[in-house]
Amino acid sequence: LTLGDRAAHIERRHQPGFQDALANRPEIQRTLTSDLIAPWARHFADLEALRQTYGGEIDDKALETAQSEALKRSFQQWLNGYVEDRRQQGRPAELTQDQVNGHLQRYQFAQGLGAEVQGMLDLLEPGKFNRQELHAFFTGNARAFGGQVTVQHILVQNRDAGTGILLADEAYGLAAARLADIKARLKPDGSNFDEVVPRSDDQRTARDLGLLRGLHRYDERMPAALCRAAWDLRDGEVSDVVETPYGWHILKRVEFQQQVFMLFTDDAMPTIEDIMRRARQENRLFEARAKAAVRLEI
């Protein structure tokens, strides 16, 4: 998948005139070295992986509707937060329709590819489950409801910290060498994890022994790959290398805590249904990534 492919897609779906602007306007050219480029690459690759894997299950008209709904829903959430922030700051919170339309245009430019991915996942896994299915999922994943884990992590950055763009060949090679050195130093049982953590590129967490506290199973604050790996571990276990938009991670799970205890009741159904839908959508996405053998080279 090339930059030209992605530019053509953005022009067709989200920003008419984007390709001409990319060729002629410096402020648009700067998007190629901004923090937009990494998520664009991830989402565009995910769209292709999902098409390759599940294209036979997808009706184009239904997909268009699902993607429009996903964009509308995510923009409304963003807009609600934006208005509330203005209100908290004592600024005017009433927006004109022209202002809303301007925000929507900018939002779609930046987040439209992500909404397309979510819309495709919503179509593939709409989240309509009967009571028996919900009960089986709840029973099999009880810890995910109100549970959280604490992990230590070591990060080796193979991408620019600001843009998420892969490092140039020489710097990427040095990062790979640092990762190999860290793996060689770590004991298989993770008993010397505290000694190796200071070699992490994330110095803020390294000073705190690399601790990431309170990770929920489907935690929107963290990349799905990191949460997935953290929850697959048992307390004291060390992960294989996990790649996220931040770089390469090695995790050690410290502990699990059950913060909230939930019962299978009618009141809990919406929460259970939401988590089950997210779980099935995540499985679809990771299966598609594996089958398409996607590797992000930007």
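These are my notes from a look through a predicted model, covering some strands, one residue and a helix.

**Strand pairing**

I began with strand β1, residues 147-156, and looked for its partner. I found β4, residues 247-258, running antiparallel to β1 and joined to it by 10 bridges. To pin down the register, I picked Gln148 and traced its bridge to Gln257 in β4.

Next I turned to strand β3, which covers residues 242-244. I saw that β3 also pairs with β4 in the antiparallel sense, here over three bridges. Glu243 has Trp248 of β4 as its bridge partner. I then checked the connection, and a hairpin of two residues leads from β3 to β4.

**Val156**

I stayed in strand β1 for this one, since Val156 is found there. Is Val156 buried or exposed? I have it down as buried, because its relative accessibility is 2% and the cut-off for buried is under 20%.

Who surrounds Val156, once I leave aside neighbours within four places in sequence? My list of contacts reads Ala175, Arg178, Leu179, Ile182, Asp201, Gly247 and Trp248. I was pleased to meet Trp248 again, having noted it as the bridge partner of Glu243.

I also took a distance to Glu27, 129 residues away along the chain from Val156: their C-alpha atoms are 31 Å apart.

**Helix α6**

Last, I looked at helix α6, residues 97-124. Its end C-alpha atoms span only 33 Å, whereas a straight helix of 28 residues would span 40 Å. Where does α6 bend? I located a bend of about 65° at Gln111.

Key:
Residues are numbered from 1 along each chain as its sequence is written. This is a predicted model: local features need pLDDT of at least 70, side-chain atom pairs count only at pLDDT 80 or more; totals for chains, interfaces and linings use all residues. Side-chain values use heavy atoms; hydrogens and water are left out. Two strands pair if DSSP finds at least two bridges between them. Helices (H or I, at least four residues) and strands (E, at least two) are DSSP runs, numbered from the N terminus. Buried means under 20% relative accessible area, exposed over 50%, partly exposed in between (1.4 Å probe, protein chains only). Contact means heavy atoms within 4.5 Å. The expected span of a helix is 1.5 Å times one less than its number of residues. The bend at a residue is the angle between axes fitted to the seven residues ending there and the seven starting there.
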